[in-house]
Structures are given as C-alpha cells and as structure tokens.
Amino acid sequence: ECLLKYLQTGGISKRGAAWGIDILLLYVSSLSFERTRRSKKDNDLDDMVALYNKVDVSKYPMIGMLKSELFSGEGDERFSWGIEVILQGLLTMQNS
C-alpha cells in the first residue's frame, strides 16, 4: 500500500505503479535470495571472480572486456543503482 502510494506521489502513472510494484518486489526478493544463498553456501565472491578470470575471451569477448565492471561496486551501491534504473524506467514508460 505504502509503496503504491509513493510511486503515485512520485509521478508514476496508475498502471506504472501497479505493474512496477511487481518488478520492484521481484528485484528486492531476488537480491535477498541471492545474498542468503551465497552466505549459506559460504561462496566467496573471490571464487566467482577467479572463474570469470579464466573465461576464454575468444569465446566470450564481452565478459572478458567487462569482467572488472561485472564485479565492481559495493552491494548497497549496486542495489540503489538497480532501484534507480527501475524507477527511471517507470517514469519513462508513462506514455507507453
């Protein structure tokens, strides 16, 4: 209820708020699941980075080129960026 109100107050259309709340909640839930799963399995991010560093760049050139960016930023920074992307997208879709 509160999130729907905030979306509407922020200038997002009725449809955008109704559909956007689903995307926002999916985003937050998926990040929570990922973090919980990672902590339960004791997976270290360094292990994942090591795997990406071994990628065959001739087969996966984009991963090779962007691998440092794929792992850049702290959790809160990336989370806030994702929320901003969703909200800006909802504002952009006003007339669609």
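Does valine 28 count as buried, exposed or partly exposed, and at what relative accessibility? Valine 28 counts as partly exposed because its relative accessibility is 33%, where buried means under 20% relative accessible area, exposed means over 50%, and partly exposed lies in between (1.4 Å probe, protein chains only). This is a predicted model, in which local features need pLDDT of at least 70 and side-chain atom pairs count only at pLDDT 80 or more, while totals for chains, interfaces and linings use all residues. Residues are numbered from 1 along each chain as its sequence is written, and side-chain values use heavy atoms, with hydrogens and water left out.

**Overall form**

The protein chain has five helices and zero strands, and its pattern along the sequence reads α-α-α-α-α; helices (H or I, at least four residues) and strands (E, at least two) are DSSP runs, numbered from the N terminus. The radius of gyration is 17 Å, well over the 12 Å that the globule rule gives for 96 residues, so the protein chain is more spread out than a compact globule. That radius is taken over C-alpha atoms, and the globule rule is 2.2 Å times the number of residues to the power 0.38. Along the principal axes, the C-alpha atoms fill a box of roughly 45 × 30 × 20 Å.

Of the 96 residues of the protein chain, 14% count as buried. The accessible surface comes to about 7,800 Å², with 59% of it belonging to carbon and sulfur atoms; such areas come from the Shrake-Rupley method with a 1.4 Å probe, and for residues only the protein chains shown count as cover. Among contacts (heavy atoms within 4.5 Å) between residues at least 6 apart in sequence, 52% join residues at least 24 apart.

**The core and its surroundings**

The largest nonpolar core has nine residues, namely Leu7, Ile12, Ala17, Ile21, Leu24, Tyr27, Ile83, Ile86 and Leu90. A core of this kind is a set of buried Ala, Val, Leu, Ile, Met, Phe, Trp, Tyr and Cys residues joined through side-chain atoms within 4.5 Å. Helix H2 (14-40) and helix H5 (75-92) each supply at least two residues of this core, and H2 gives the most, with four residues. With residues up to four places away in sequence not counted, leucine 90 touches Ile12, Gly16 and Gly20. Valine 28, whose place is in helix H2, is in contact with Phe79 and Ile83 when its neighbours within four places in sequence are left aside.

**A surface patch**

On the surface, Met62, Met65, Leu66 and Leu70 form a nonpolar patch with about 390 Å² of accessible area together. Methionine 62 is found in helix H4 (residues 61-70).

**Selected residues**

The table sets out location, accessibility and one C-alpha to C-alpha distance for three residues.

| Residue | Location | Relative accessibility | C-alpha distance |
|---|---|---|---|
| Tryptophan 19 | helix H2 | 55%, exposed | 22 Å to arginine 78 |
| Tyrosine 60 | loop between helix H3 (45-53) and H4 | 39%, partly exposed | 29 Å to threonine 36 |
| Glycine 75 | helix H5 | 33%, partly exposed | 17 Å to leucine 24 |

Along the chain, tryptophan 19 and arginine 78 are 59 residues apart, tyrosine 60 and threonine 36 are 24 residues apart, and glycine 75 and leucine 24 are 51 residues apart. Valine 28 and cysteine 2, in turn, are 26 residues apart in sequence and 16 Å apart in space, C-alpha to C-alpha.

Terms used
Patch = residues over 30% accessible without salt bridge, like charges linked within 9 Å, V, L, I, M, F, W, Y side chains within 5 Å. Salt bridge = Lys/Arg side-chain N within 4 Å of Asp/Glu carboxyl O.
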